[in-house]
Amino acid sequence: MVISHTLADGVLYVTLPPDLDVTERAAAALETEVLVHAHRPRLVQVTLDGTAPSPASLSALARARRMCAGLGIPLTITAVGPATTEPDDSAAAA
């Protein structure tokens, strides 16, 4: 299985890896579709686990969103990863 998932209180929690490639994208999308059709959750919550998801990971997320929208199931997205901060150079002495 490419994705991980749990089901609790009618909510399907799906975690997508941040580094999917094209082949894994298709598998992740299919796994998500099978889970949604099998469980018919009231809500799908997708977590992108990482700081910079690959284009394939974002594509799998978009496919899940379109599928859920077509079925009338709300989908929420959560991104988990370390906080990144950019240094503030505006306060540096000239």
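This note sets out numbered points on the fold, helices, core and selected residues of a predicted model.

1. Basis of the values. The model is predicted, with local features requiring pLDDT of at least 70 and side-chain atom pairs counted only at pLDDT 80 or more, while totals for chains, interfaces and linings use all residues. Numbering runs from 1 along each chain as its sequence is written, and side-chain values use heavy atoms, with hydrogens and water left out.

2. Overall fold. The chain comprises two helices and four strands, where helices (H or I, at least four residues) and strands (E, at least two) are DSSP runs numbered from the N terminus. Their order along the sequence is β-β-α-β-α-β. Of the 94 residues, 31% are buried; here buried means under 20% relative accessible area, exposed over 50%, and partly exposed in between (1.4 Å probe, protein chains only). Among contacts (heavy atoms within 4.5 Å) with a separation of 6 or more, 79% join residues 24 or more positions apart.

3. Nonpolar core. The term denotes a set of buried Ala, Val, Leu, Ile, Met, Phe, Trp, Tyr and Cys residues joined through side-chain atoms within 4.5 Å. The largest such core has 19 residues, of which Leu 16, Val 36, Val 44, Val 46 and Cys 68 touch the most other members. Two or more residues are contributed by each of strand E2 (11–16), helix H1 (22–39), strand E3 (43–49) and helix H2 (55–71). The greatest contribution, six residues, comes from H2. In general, nonpolar side chains in soluble globular proteins tend to be buried together.

4. Contacts of Val 46. Apart from neighbours within four places in sequence, this core member is in contact with Val 14, Leu 16, Leu 61, Leu 75, Thr 76, Ile 77 and Thr 78.

5. Helix H1. This helix has 18 residues and spans 26 Å from first to last C-alpha, close to the 26 Å expected at 1.5 Å a residue; the expected span is 1.5 Å times one less than the number of residues. Its buried residues are Ala 28, Ala 29, Glu 31, Thr 32, Leu 35 and Val 36. These residues lie on the same side of H1, because they cover an arc of only 165 degrees around the axis, the arc being that of the directions from the helix axis to the C-beta atoms. Val 22, Thr 23, Leu 30, Val 34 and Ala 38 are exposed on the other side of H1. The cover over the buried residues of H1 includes strand E1 (4–8), E2, E3 and H2.

6. Helix H2. With 17 residues, H2 reaches 24 Å between its first and last C-alpha, close to the 24 Å expected at 1.5 Å a residue. Ala 56, Ser 57, Ala 60, Leu 61, Ala 64, Met 67 and Cys 68 are the buried residues of H2. Viewed down the axis of H2, the buried residues fall within an arc of 145 degrees, so they line one face of the helix. They pack against E2, H1, E3 and strand E4 (75–80), whereas Pro 55, Ala 69 and Gly 70 are exposed on the other side of H2. Just after H2, Gly 72 takes a positive phi of about 75 degrees.

7. Glu 31. This residue of H1 is buried yet has no salt bridge, the nearest side chain of opposite charge being Arg 63 at 12 Å. A salt bridge requires a side-chain nitrogen of Lys or Arg within 4 Å of a carboxyl oxygen of Asp or Glu; for charge, Lys and Arg count as positive and Asp and Glu as negative, with His and the chain ends not counted. Beyond four places in sequence, Glu 31 is in contact with Met 1, Val 2 and Ile 3.

8. Arg 63. Located in H2, Arg 63 is partly exposed at 35% relative accessible area. Outside its neighbours within four places in sequence, Arg 63 is in contact with Arg 25, Ala 26 and Ala 29. The C-alpha atoms of Arg 63 and Ala 29 are 6.5 Å apart, with their positions 34 residues apart in sequence.

9. Positive phi outside glycine. Asp 9, in the loop between E1 and E2, has a positive phi near 50 degrees and is exposed at 72% relative accessibility. Arg 40, in the loop between H1 and E3, has a positive phi near 45 degrees.

10. Val 11. This residue of strand E2 is buried at 4% relative accessibility. Residues up to four places away in sequence aside, Val 11 touches Thr 6, Arg 42, Leu 43 and Gln 45. Val 11 and Arg 40 are 29 residues apart in sequence and 9.2 Å apart in space, C-alpha to C-alpha.
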